[in-house]
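Visitor: I am new to this structure. Please show it to me, and then explain the terms as we go.

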Amino acid sequence: IILAGIIELIHMASLLHDDVVDGAKLRRGKAAAHSIWGNQVVILVGDFLYSNALKKAVSFRSQRIMEALSEATTSMTEGEILQLQKTSDISITEEEYTRIISAKTGILISAACRIGAILSLGSGAEENALARFGLKSGTAFQMADDILDYMADESELGKKLGKDIEEGKITLPLIYLFKNASDNEKEEIKRVIDNFSEQGLQRVLALFRQYDVLEKSLARAEGIVNEAKAELSIFPDSPERDYMLCIADYAISREK
């Protein structure tokens, strides 16, 4: 339970920092912390959550647990830096995008799954299978979140629709759209990315419908979920295995 709390502390710290970096005004439909208390306080609180999480993890005196957590926190920061480097860069590839979301989201869920195997004294093969399951499930979760940014009910999603494109985040739907769009449409898309407007967003959403981009993006996320579920074939049938399969399915079936 304590280690589960540690994972959540790291997660919360990353959200606090992300909202500052992104300038996000909302988090789950409520005012983001930095818009209430300011960037300085929120960054320091995020730092405290990170450091306190690792301090508590040290008390388990497990080198392998610390390695999993350290790798996760390092990778999460690298993912954020890579995402900043690719801001408004329409030339970003699907492989680069997947690397970013795997580092930002997949790696922390992977660490949580690996630590579960470490605690239960699972075999090396079981530990690696669970780690891969977590990485793929987390990657699909973030991919679905990026798709929801363009298709969910704003009141349910808890953030402004199209916020990613407004922030210059080039996610899978835009990558797929740019692959299929005509030269004139590509120029339109670039203008929306460089000078966001509500009218421009509506044009992009219309192009998404024209090229079935959101459906193709969801199909890609579903493929990753199926890969994640296949990793659990190493384990015998059990209620716990069924719960894990449900978690993977939830990654792409949620609406917010």
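Guide: Start with accessibility: a residue is buried under 20% relative accessible area, exposed over 50% and partly exposed in between, using a 1.4 Å probe and protein chains only. The model is predicted, so local features need pLDDT of at least 70 and side-chain atom pairs pLDDT 80 or more, while totals for chains, interfaces and linings use all residues. Residues are numbered from 1 along each chain as its sequence is written, and side-chain values use heavy atoms, with hydrogens and water left out.

Visitor: Why is Leu-121 called exposed?

Guide: Its relative accessible area is 75%, and exposed means over 50%. Therefore Leu-121 counts as exposed. Leu-121 lies in the loop between α5 and α6; helices are DSSP runs of H or I with at least four residues, strands are runs of E with at least two, and both are numbered from the N terminus.

Visitor: What is the phi of Leu-121 near?

Guide: Phi of Leu-121 is near 60°, a positive value in a residue other than glycine. Most residues other than glycine have a negative phi. Asp-212, also not a glycine, has a positive phi of about 55°. Asp-212 sits in the loop between α11 and α12 (213-230).

Visitor: Why does Asp-212 count as partly exposed?

Guide: Asp-212 has 41% relative accessibility, which falls between the two cut-offs, so partly exposed is the term.

Visitor: What makes Glu-94 buried?

Guide: Glu-94 has a relative accessible area of 14%, and the limit for buried is under 20%. Glu-94 is found in helix α5 (residues 94-119).

Visitor: How do you know that the side chain of Glu-94 makes a polar contact with the side chain of Tyr-176?

Guide: The distance is 3.1 Å. A polar contact is a pair of N or O atoms within 3.5 Å; within protein, one must be able to donate a hydrogen and the other to accept it, and residues adjacent in sequence count only if both atoms are side-chain atoms. Not counting residues up to four places away in sequence, Glu-94 touches Leu-172, Ile-175, Tyr-176, Lys-179 and Arg-220, where contact means heavy atoms within 4.5 Å.

Visitor: Why do Tyr-150 and Phe-208 count as an edge-to-face aromatic pair?

Guide: A search of the whole structure finds one aromatic pair. Tyr-150 and Phe-208 form it, at 4.9 Å centre to centre with 80° between the planes. Rings of Phe, Tyr and Trp (its six-membered ring) pair if their centres lie within 6.5 Å; planes under 30 degrees apart are stacked, over 60 edge-to-face and the rest tilted. Both values meet the edge-to-face rule.

Visitor: What does the pair tie together?

Guide: Tyr-150 lies in the loop between α6 (124-148) and α7 (154-157) and Phe-208 in helix α11 (residues 198-210), so the pair ties together parts that are 58 residues apart in sequence. Tyr-150 and Phe-208 are both buried.

Visitor: Why are His-17 and Leu-16 called buried?

Guide: His-17 has 18% relative accessibility and Leu-16 has 19%; buried means under 20%, so the term applies to both. His-17 is found in helix α1, and Leu-16 is in helix α1 too. Setting aside residues up to four places away in sequence, His-17 touches Val-42, Ile-43, Gly-46, Asp-47 and Tyr-50. On the same basis, the contacts of Leu-16 include Ala-33, Val-42 and Leu-49.
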